[in-house]
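I opened the model to look up a few places in it. These are my notes, in the order I made them.

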Amino acid sequence: MLRLNDIVDRVLNTRPAANIELIQKAYVFTAKVHHGQLRESGEPYLIHPLNVSYILADWNLDEETIATGLLHDTVEDTVASIDEIRELFGDSVAQMVDGVTKISRVIISDVADQKAESLRKMILAMGKDIRVILVKLADRIHNVRTLDHLSPDRQVAIARETQEIYAPIASRLGMSRVKMELEDKCFEVLHPDDFRDLVRAADERKRGRGEHVQKVSDLLEAKIREAGIDAVVTGRSKHISGIFNKMARQGIDFEHVYDLLGFRIIAKTIRECYEVLGIVHSLWRPVPGRFKDYIAMPKANLYQSLHTTVFGPNAEMMEIQIRTEEMHSLAEYGVAAHWRYKEGKQVTDKGDQMFVWLRQILELQKEMKDPREFLDTVKVELFPEEVYVFTPRGDVKELPRGATPIDFAYAIHTEVGNQCVGAKVNGRMVPLKVSLKNGDVIEIITNPSHKPSRDWLKIAKTSRALNKIRGFIRQEQQEHSLTLGRQILERELRKYSLGLTKTMKSREFAEILEENRFKSADDYCIALGYGKVSLVPLLRKLVSPEQLQEKGKESRLEALIKRVTTRKPSAVIVKGVDDIFIRLANCCHPVPGDPIVGFITRGRGVTIHARDCPKALETDPARAIEVAWEAGTKAAHPVKLKVICADKPGLLADISRTITASDVDIRRAVVMTTRDKRAICSFDVAVNDAKHLSSLIKSIEKVKNVYSVERGKG
């Protein structure tokens, strides 16, 4: 069992002058308030904060952070208060404990909202003090290491959250060792059969390759030593989830993962790194297109290294990474490797560059009220594969893989993006939808009278570009609805010989604004243009009942049209509205149990989208209307599934049997095979609700040689 002395010894090994008393004091307080509490394993709860604190000490963090590791659950799980923490341990520790506690206290019924709010709180906490997220990552590492004592459902829930939120944040902070440990544990929980198979296969291959690795390492060391360079060479294996992700991404079997083993060379200086690269390429022929210079152009998280893949002995591909000791430390531990504190203030050498992405997210979250839109935005920021492109003046712009000239234009300036009419890449005109590549030089052609197109939402990849385009389109929609609403109001008032200006200044109109909580007449007209409010309440205040009845008579044709077009599927209820036409969106095919949102569509009633549907995120929130699934609905609902698997005989039959065994009808199936021996299967199925669909997806994921299952679009 871990003891306090283990933590103290670890701290003193690297910082002999450290304030050990603060850590000891935090231990005594934690032991007292957690006394009698047990973990799910039956062990004393104190084991958890001790392990979190030791992980932080292993990252060479300061005493305040290590003390916070001991105290991080005291306010959440005991009678201790934040004021008590502040009085005993100071403002800095109290602020960190409060930040960790706030992240943990997100309790929202909607899973998507909960994830979004958790992310929002984490991003805000990181903005105030990066140490908060380091404590939270250490907390999550120990939790995933001890998942075995939880129920299978809780294991899966924690693994999915870790995979979607914590592992990407660790990656963004440059903490590759932490990211790999989290991803491997998530993979073990979410894909246990695949994990066991890959571990077994990887172990077998390594056992037969030990002598080969040693020979390559010895040869490299000898050649580097001959050049008068002092460097360390080590062999390493890809982590298990990385192997699986590569297999799924490329649709290949384990036997075709050629660069399972790699080598890392740690040199003293940057100059020596490039000299070592020359030695490697003189020994073995490099694989075209597989060289990356992250020293000259570091990643967003400041990761630096030279990556090259070569045809090694027996023409076998192997990856070699070359870096300095400082780069290696930063690659393993990221922000924790160079974050230092003095009298409660952070002092960083490169930290400001590392958190450019964090500052961008902090700015974006101020503009976004919809938590799902925030979640969508942050996922874009957390999963970048960077390309580095240049302005005509030679300035470097970092964009995610797949970015287009539209993204580049908005990275320059909002107005450049809004007025973009074309682009030149390396001096040649290209379509705006073309994907940019490393080293491209981009020139944006603008026209002041040009406006963003809705089609750009299908082209843009960066959150900045997408949000600027959506914002412009929403503004245009509002202006259009304002004009339309004023026209409708003026036309209807004219029927009763009433003037628009006089009506807007009347007491009756002011009452309508107050009753509907509109801040201004423009807000009322916008809602009227969208069809969200009716003119009847206003007219009742302004006109006698006799006049209303006389003018309001509808023709028999109008009555017939109304009866035909106003219908509502029993599955959905629209709050405060009866007899309105409703349709389920074809882009996302929502099913009962999915979080949904409705949007008023001119001439087509209300369209129901899944809340996380990209089309819903693009739609003006002013058109949203509250909707809910009607309880007890048992109709079958169409859903599309996309299954990526190995192209093997009988596998399609296995998947089909699994679907029908889940009491699901297959209405259509299309299979495409690729040259790299994988199959992409598209199924149109009918399910009862979201729970039924989730159970189906889990069943298909368990089929051997299935790489991924996801809900289809459109």
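**Entry 1: Gln321.** I listed what Gln321 touches, leaving out residues up to four places away in sequence: Arg236, Phe263, Arg264, Ile265, Tyr303, Ser305, Leu306 and His307. The model I am reading is a predicted one. Gln321 lies in strand 6, which covers residues 317-324. Is Gln321 buried or exposed? Its relative accessible area is 7%, and buried means under 20%, so Gln321 counts as buried.

**Entry 2: strand 5 and its partners.** I moved on to strand 5, residues 306-311, since Leu306 was on the contact list of Gln321. Strand 5 is mostly covered, with five of its six residues buried. Which way does strand 6 run against strand 5? The two are antiparallel and are joined by six bridges. I noted one pair: Val310 has Met318 in strand 6 as its bridge partner. Strands 5 and 6 make a hairpin with five residues between them. In that turn, Asn314 has a positive phi of about 60°.

Strand 5 also pairs with strand 3 (residues 285-286), antiparallel, over two bridges. There Arg285 stands opposite Phe311 of strand 5. Strand 4 (residues 292-293) is joined to strand 5 by two bridges and is antiparallel to it. Here the partner of Asp293 is Leu306 in strand 5. A general reminder to myself: strands of a sheet pair through backbone hydrogen bonds, either parallel or antiparallel.

**Entry 3: another hairpin.** I looked up strand 9 (residues 386-390) and strand 10 (residues 396-400), which pair in the antiparallel sense over five bridges. Phe390 has Val396 in strand 10 as its bridge partner. This hairpin has five residues between its strands, and Gly394 takes a positive phi near 95°.

**Entry 4: a sheet of three strands.** In what order do the strands of this open sheet stand? The order is 12-11-13, and the pairing is antiparallel. Strand 12 (428-430) and strand 13 (442-446) are at the edges; each has a single partner strand, so one side of each has no neighbour in the sheet. From one strand to the next the twist averages 35°. Strand 11, residues 420-425, pairs with strand 13 over five antiparallel bridges. One pair I wrote down is Val425, opposite Ile442 in strand 13. Helix 21 (residues 405-412) packs on this sheet and touches strand 11, strand 12 and strand 13. The direction of helix 21 makes about 80° with that of strand 13.

**Entry 5: helix 10.** I checked the length of helix 10, residues 152-172. At 1.5 Å a residue, its 21 residues should span 30 Å, and the end C-alpha atoms are 29 Å apart, so the two figures agree. Where is the kink in helix 10 centred? The centre is Thr162, and the kink is about 45°. Thr162 is also one of the buried residues of helix 10. Others on that list include Gln155, Ile158, Ala159, Ile165, Tyr166 and Ala167. To read such a list I kept a general rule at hand: an α-helix has 3.6 residues a turn, so residues three or four places apart point the same way. Gly174 follows helix 10 and has a positive phi, near 80°.

**Entry 6: cysteines.** How many disulfides does the model have? A disulfide needs two cysteine sulfur atoms within 2.5 Å, and by this rule the count is zero. I then looked at two cysteines for their exposure. Cys186 has a relative accessible area of 1% and is buried. Cys525 is at 0% and counts as buried too.

**Entry 7: Pro614.** Pro614 is found in helix 30, residues 614-618. With a relative accessible area of 41%, Pro614 is partly exposed. I compared its place with that of Leu457: the two are 157 residues apart in sequence, and their C-alpha atoms are 9.3 Å apart in space.

**Entry 8: the whole chain.** Last, I took the totals. The protein chain has 32 helices and 23 strands. Of its 714 residues, 49% count as buried. I also looked at contacts between residues at least 6 apart in sequence: 67% of them join residues at least 24 apart.

Key: Residues are numbered from 1 along each chain as its sequence is written. This is a predicted model: local features need pLDDT of at least 70, side-chain atom pairs count only at pLDDT 80 or more; totals for chains, interfaces and linings use all residues. Side-chain values use heavy atoms; hydrogens and water are left out. Buried means under 20% relative accessible area, exposed over 50%, partly exposed in between (1.4 Å probe, protein chains only). Helices (H or I, at least four residues) and strands (E, at least two) are DSSP runs, numbered from the N terminus. Contact means heavy atoms within 4.5 Å. Two strands pair if DSSP finds at least two bridges between them. Axes are lines fitted to C-alpha atoms, for helices over the stretch in contact, and angles run from 0 to 180 degrees between N-to-C directions. The expected span of a helix is 1.5 Å times one less than its number of residues. The bend at a residue is the angle between axes fitted to the seven residues ending there and the seven starting there.
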